[in-house]
Amino acid sequence: MRLSRYFLPVLKEIPAEAQIVSHRLMLRAGMIKQAQAGIYSWLPLGFKVLKKIENIVHEEQIRAGHIPMLMPTLQSADLWRESGRYDDYGEEMLRISDRHGRDMLYGPTNEELITDIFRSHVSSYKDLPLTLYHIQWKFRDEVRPRFGVMRGREFLMKDGYNFDVDKAAAMHAYNRHLVSYLRSYERMGLQAIPMRADSGPIGGDDTHEFLVLADTGESEVFYDSAVTDLTFGDRAIDYDDVAQCQGILEEFTSRYARTDETHDPALFDQIPEDRRRTARGIEVGQIFYFGTKYSEALGATVQTADGAAVPVHMGSHGIGVSRLVGAIIEASHDDKGIIWPEGVTPFHCGIVNLKQGDAEADGACEALYGSLTALGLEPLYDDRKERAGGKFATMDLIGLPWRITVGPRGLKNGVVELTSRRTGESEELTPQEAVEKVA
Ligand code: ATP
Ligand code: MG
Ligand code: MG
Ligand code: MG
């Protein structure tokens with residue numbers, strides 16, 4: 001992409017309404033624009049990051065054997081009356097009626113709708129296990145929408161639902177979700193710690209929240225510092241291997257790590273004092289096993305081998321896709337701007353032309369652009385007639401992992417400058433060497 005033809009409305013001033021760094025940086029970098037309280041337009045740069053995150057989530061869910069689909073944002077109130085949640089959900093639910101006076105709602109979550117699909121089409125245990133998921137916009141009329149996309153009213157969520165014949169099979173689905181979530185967050189450059197949590201209005205016994213440690217997080221968390229040493233890495237996973245998935249769950253959840261809702265001071269005090277941590281965290285996902293709560297209410301049963309009709313065991317599993325954009329920035333920035341992890345960066349590399357209009361510099365930039373593109377990478381070429389200082393500030397703000405600076409002086413010696421956004425270190429390389437290093 002050439003910056004002269006792109007739409008990147010960066011802001012010079014620091015937006016007064018933004019209280020936390022990710023919100024400020026997203027506004028300044030021209031990633032989002034508020035449409036109404038808690039409702040945002042995703043401008044091109046923000047949209048690109050959102051899509052990168054969405055793709056990682058898709059890839060990891062599919063790898064785990066979970067099946068993508070798409071349900072609508074608007075749902076019928078009748079289904080929610082059947083489950084009993086229409087009245088229980090309260091003011092967070094946006095209620096709408098159509099021209100015929102039929103009650104509808106903008107879905108805050110999809111347990112009812114997916115259970116209705118399941119009960120309409122599945123009746124035998126032979127069709128299980130089944131996990132369906134979608135990535136769709138949700139609406140929750142939050143009392144205090146704030147921190148930009150972190151607590152929006154309209155937000156993008158991946159929500160998946162497993163249907164299993166019994167509790168043991170459903171717990172395997174739970175473990176698969178835990179494993180696939182750990183992989184997903186790591187690919188986004190994030191450490192998200194599974195913590196024992198409270199099941200709240202969805203109900204159920206087993207649940208973990210995934211938290212990214214950050215001072216601006218809205219949850220208070222308590223943990224054994226040993227949990228922060230764990231990394232998933234690139235170990236081979238067989239998602240059908242019940243013992244392997246269970247082993248990973250145990251590895252990642254056996255140390256003390258809890259949100260304030262389930263915090264147990266007596267247990268916490270048993271951890272050696274130098275490992276006890278109290279901190280703030282951002283909830284970027286949650287997994288639940290809730291048994292037959294919805295299948296019983298909505299009559300989703302399957303016939304077992306011996307002919308009995310039993311309600312299916314279910315769980316639901318969510319990732320805050322749009323919240324993650326903010327969470328990643330909270331975890332990865334400096335005073336100049338965002339520092340994108342490689343896995344989610346909107347462009348792989350910036351090209352800064354120090355002397356736009358100089359035939360040699362323009363030619364070298366075009367050649368770099370062509371080589372990077374041919375390798376399947378996406379460069380962002382700043383080809384505007386601007387001062388170098390302004391170009392550098394924009395690149396630092398939008399946080400691409402690499403910047404290649406091209407100017408007549410270097411070209412005389414056959415070199416360009418390659419700068420790492422994370423370390424700030426620069427080196428002089430031939431254009432070919434720079435391309436190889438970025439790739
Ligand atoms: P929170 O405690 O932050 O209100 P939640 O527990 O109500 O979140 P879940 O029902 O568990 O949310 O939804 C799954 C994921 O969706 C959450 O882990 C979070 O990452 C994301 N999410 C929830 N509410 C919002 C919101 N208002 N804006 C952006 N993302 C959200
Ligand atoms: Mg909530
Ligand atoms: Mg929560
Ligand atoms: Mg939650």
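Reader: Let me start with Ala197: is Ala197 buried or exposed, and how many C-beta neighbours has Ala197 inside 10 Å?
Author: In this predicted model, Ala197 has 24 C-beta neighbours inside 10 Å, and because 20 or more is the cut-off, Ala197 counts as buried.

Reader: Where in the chain is the place of Ala197, and with which residues is Ala197 in contact?
Author: Ala197 sits in the loop between β9 (193-196) and β10 (206-213). Setting aside neighbours within four places in sequence, the contacts of Ala197 are Thr207, His208, Glu209, Thr259, Glu261, Thr262 and Gln286. Of these contacts, Gln286 is 89 residues away from Ala197 in sequence, yet the two C-alpha atoms are 8.7 Å apart in space.

Reader: Gln286 caught my eye, so on to the ligand: which residues come nearest to ligand 1?
Author: Gln286 is one of them, together with Phe155, Gly318, Gly320 and Arg323, out of 15 residues around ligand 1. By character, the shell around ligand 1 divides into 3 nonpolar, 7 polar and 5 charged residues.

Reader: And which elements supply at least two residues of that shell around ligand 1?
Author: Those elements are β8 (154-164), β13 (276-291), β16 (313-320) and α10 (321-331), and β13 gives the most, with 4 residues.

Reader: What joins β16 to β8 and to β13?
Author: β16 runs antiparallel to β8, with 8 bridges joining the two strands, and β16 also runs antiparallel to β13, with 6 bridges in that case. Taking one position on each side, Phe163 has Met314 of β16 as its bridge partner, while Tyr289 stands opposite Gly315 in β16.

Reader: How many residues of β16 are buried, and which ones lie on one side and which on the other?
Author: β16 is mostly covered, with 8 of its 8 residues buried. In a regular strand the side chains alternate between the two faces of the sheet. For β16, one side carries His313, Gly315, His317 and Ile319, the other carries Met314, Ser316, Gly318 and Gly320, and both faces are covered.

Reader: Then α10: why is α10 described as largely enclosed?
Author: Helix α10 is largely enclosed by the rest of the structure because 10 of its 11 residues are buried. The buried residues of α10 include Val321, Leu324, Val325, Ile328 and Ile329, and also Arg323 and Glu330. Arg323 is also among the residues that come nearest to ligand 1.

Reader: Changing topic, which residues touch the most other members of the largest nonpolar core?
Author: Nonpolar side chains tend to be buried together in soluble globular proteins. Here the largest nonpolar core has 100 residues, and those touching the most other members are Ile53, Val284, Val321, Ile404 and Val406. Helix α6 (residues 167-187) contributes the most to this core, with 9 residues.

Reader: What does Val406 touch, not counting residues up to four places away in sequence?
Author: With those left out, Val406 touches Ile351, Val352, Asn353, Leu354, Ala361, Ala364, Cys365, Leu368, Leu411 and Val416.

Reader: Asn353 leads me to Ala388: in which helix is Ala388, and is Ala388 buried, exposed or in between?
Author: Ala388 belongs to helix α12, and Ala388 counts as partly exposed because 14 C-beta neighbours lie inside 10 Å. Ala388 and Asn353 are 35 residues apart in sequence, with 8.0 Å from C-alpha to C-alpha.

Reader: Which residues of α12 are buried, and what covers the buried residues?
Author: In α12 (residues 388-398) the buried residues are Lys391, Thr394, Met395, Asp396 and Ile398. Their cover includes α2 (44-63), β18 (337-338), β19 (349-353), β20 (379-382) and β21 (402-406). Gly399, just after α12, takes a positive phi of about 70°.

Reader: Which residue has a positive phi although it is not a glycine, and where is a cis peptide bond?
Author: Phe147 has a positive phi of about 60°; Phe147 lies in the loop between β7 and β8 and counts as buried, with 22 C-beta neighbours inside 10 Å. The cis peptide bond joins Leu128 and Pro129, with omega at about 0°, and Pro129 lies in the loop between α5 (111-121) and β7 (130-139).

Reader: Last one: how many helices and strands are there, and what is the radius of gyration of the chain?
Author: The chain has 14 helices and 23 strands. The radius of gyration is 24 Å, which agrees with the value near 22 Å for a compact globule of 439 residues. Buried residues make up 42% of the chain, and of the contacts with a separation of 6 or more, 73% are between residues 24 or more positions apart.

Technical notes: Residues are numbered from 1 along each chain as its sequence is written. Chains are lettered from A and ligands numbered from 1 in the order in which they are written. This is a predicted model: local features need pLDDT of at least 70, side-chain atom pairs count only at pLDDT 80 or more; totals for chains, interfaces and linings use all residues. A residue is near a molecule or strand if its C-beta atom, placed from the backbone, lies within 6 Å of it. Ala, Val, Leu, Ile, Met, Phe, Trp, Tyr, Cys and Pro count as nonpolar, Asp, Glu, Lys and Arg as charged, and the others, Gly among them, as polar. A residue is buried if 20 or more other C-beta atoms lie within 10 Å of its own, exposed if 12 or fewer, and partly exposed in between; C-beta atoms are placed from the backbone. Two residues are in contact if their C-beta atoms, placed from the backbone, lie within 7 Å. The radius of gyration is taken over C-alpha atoms; the globule rule is 2.2 Å times the number of residues to the power 0.38. A nonpolar core is a set of buried Ala, Val, Leu, Ile, Met, Phe, Trp, Tyr and Cys residues joined through C-beta atoms within 7 Å. Two strands pair if DSSP finds at least two bridges between them.
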